[in-house]
Amino acid sequence: MNRFEYAHPTTVDEAVRLLGSTFDEAAVLAGGTDLLSLMKDFVVEPKRLVSIAGVAELAGLAADGAGLRIGAATTLDALVDSNDVRVLAPGVHQAATGIRSRQMRAMGTVGGELLQRPRCWYFRRGLGLLAQDAGGSLVERGDHRDHAVFGNAGAAKFVHASSLAPILIALGARATLRSPRGERSTPVAELFRTPAREGERESTLAPDELLTHLDVPTGSPHNATVEIRHRRGLDWPQAAAACALTLDGERVAEAALVLGHVAPTPWIVDVEGLRGKTVDEAAVAAGEAARKGATPLPGNVHKVELAKVAARRAVLAAARRSF
Ligand SMILES: Cc1cc2nc3c(=O)[nH]c(=O)nc-3n(C[C@H](O)[C@H](O)[C@H](O)COP(=O)(O)OP(=O)(O)OC[C@H]3O[C@@H](n4cnc5c(N)ncnc54)[C@H](O)[C@@H]3O)c2cc1C
């Protein structure tokens with residue numbers, strides 16, 4: 001690991017002033033569970049770390065009639081332990097519980113979870129986010145069993161790593177960001193993008209922007225996250241689906257469905273065909289919709305089927321049906 005300067009601000013304003021105009025200049029340090037391992041491997045080399053552990057206003061959870069406000073430095077354990085989250089946003093609770101490592105949940109924060117870097121083994125070995133050499137894509141030529149099956153027509157083939165992002169997007173959550181230019185609020189879906197060239201990041205945050213909190217609407221209690229994992233390991237899921245439903249009796253009035261771990265960004269599924277269907281019909285339709293447009297590589301065709309199954313189960317789980 002390179003030498004770095006360590007800053008320990010106690011207010012958001014102070015933290016933002018310490019960030020820089022490039023990610024090499026400074027990086028936000030939350031729980032450090034992702035950032036520090038990338039620094040030890042020289043994959044990222046910020047000259048200053050701005051710890052947010054001492055910024056009290058960034059941590060904590062509150063619920064009111066409109067929804068949940070979750071501070072970016074709230075730990076994953078606090079999310080799992082919150083009765084408000086369990087009752088008002090069960091899909092968020094399920095996604096957080098799915099992060100099985102107790103150590104990660106104790107140290108990891110909501111902001112760090114959303115902004116963790118991709119779990120692509122080429123990227124993590126210093127071969128770049130797009131993992132290309134003179135012969136083209138290393139991912140296409142090499143082991144790609146965990147890589148993207150959607151949105152992979154360009155150079156980016158990694159999958160988005162966040163387990164919380166799909167359900168936050170399905171619920172219509174917004175993120176608030178602070179920089180020296182002021183504050184902005186954006187839908188969580190717009191925090192992410194697919195980089196087109198090496199050097200671009202997979203998040204839309206500017207280097208001097210700090211994620212301060214999330215606002216999660218809790219109008220509909222019918223939401224769920226379903227993950228498909230390799231046995232009971234600590235690893236990330238192979239595919240996941242998050243669903244939020246508004247029900248009109250037995251029928252689906254509104255739906256949102258977002259897949260995780262299958263594309264370089266959380267993958268929003270077109271659910272037009274679900275409206276007006278019974279829950280059981282909608283679950284079948286969701287499975288079909290979830291696999292539309294898939295472009296798997298030879299070694300990860302199985303992930304398309306996993307996405308389909310996760311989507312179907314997520315609709316049933318959101319409607320509180322067993323599968
Ligand atoms: C064995 C193992 C299993 C795991 N399984 C899963 C899983 O199933 N699902 C899953 O989603 N994750 C999983 N993780 C990842 C884990 O959830 C993340 O490492 C953790 O949540 C990151 O949070 P952190 O606070 O430690 O972030 P940090 O490491 O401190 O930061 C991560 C990134 O986010 C940036 N950042 C952090 N906070 C902010 C902020 N407020 N504003 C701007 N930028 C910010 C940092 O600069 C850095 O680039 C796993 C990790 C391990 C080691």
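How many nonpolar, polar and charged residues does the shell around the ligand have? The views below take up this question and others, using a predicted model.

**View 1. Make-up of the ligand shell by residue class.** Nonpolar residues number 17. Ten residues are polar, and four are charged.

**View 2. Residues that come nearest to the ligand.** The ligand has 31 residues around it. Of these, V28, G32, T33, T109 and E113 come nearest.

**View 3. Polar contacts to oxygen atoms of the ligand.** T109 takes part through its side chain: a polar atom there lies 2.7 Å from a ligand oxygen. T109 is also among the residues that come nearest. L35 uses its backbone, with an N or O atom 2.8 Å from an oxygen atom of the ligand. A161 likewise places a backbone N or O atom 3.3 Å from a ligand oxygen. On its own, the ligand has 980 Å² of accessible area, and the protein covers 91% of that.

**View 4. The pocket and the elements around the ligand.** The ligand takes up the space of the largest pocket. Three elements give two or more residues each to the shell: β2 (26–29), α7 (110–115) and β10 (210–217). The largest share comes from α7, which gives four residues.

**View 5. The ligand between two domains.** Why does the ligand lie between domain 1 and domain 2? Domain 1 spans 58–217 and domain 2 spans 223–318. Both give residues to the shell, so the ligand lies between them.

Terms used. Residues are numbered from 1 along each chain as its sequence is written. This is a predicted model: local features need pLDDT of at least 70, side-chain atom pairs count only at pLDDT 80 or more; totals for chains, interfaces and linings use all residues. Side-chain values use heavy atoms; hydrogens and water are left out. A residue is near a molecule or strand if one of its heavy atoms lies within 4 Å of it. A polar contact is a pair of N or O atoms within 3.5 Å; within protein, one must be able to donate a hydrogen and the other to accept it, and residues adjacent in sequence count only if both atoms are side-chain atoms. Accessible areas come from the Shrake-Rupley method with a 1.4 Å probe; for residues, only the protein chains shown count as cover. On a 1 Å grid over the protein atoms alone, a cavity is a set of points where a 1.4 Å probe fits but cannot get out, and a pocket is an open set with protein on both sides within 12 Å along at least five of seven lines; lining residues have an atom within 4 Å of a point. A molecule sits in a cavity or pocket if more than half of its atoms lie within 2 Å of its grid points. Ala, Val, Leu, Ile, Met, Phe, Trp, Tyr, Cys and Pro count as nonpolar, Asp, Glu, Lys and Arg as charged, and the others, Gly among them, as polar. Domain bounds come from an automatic or database domain assignment.
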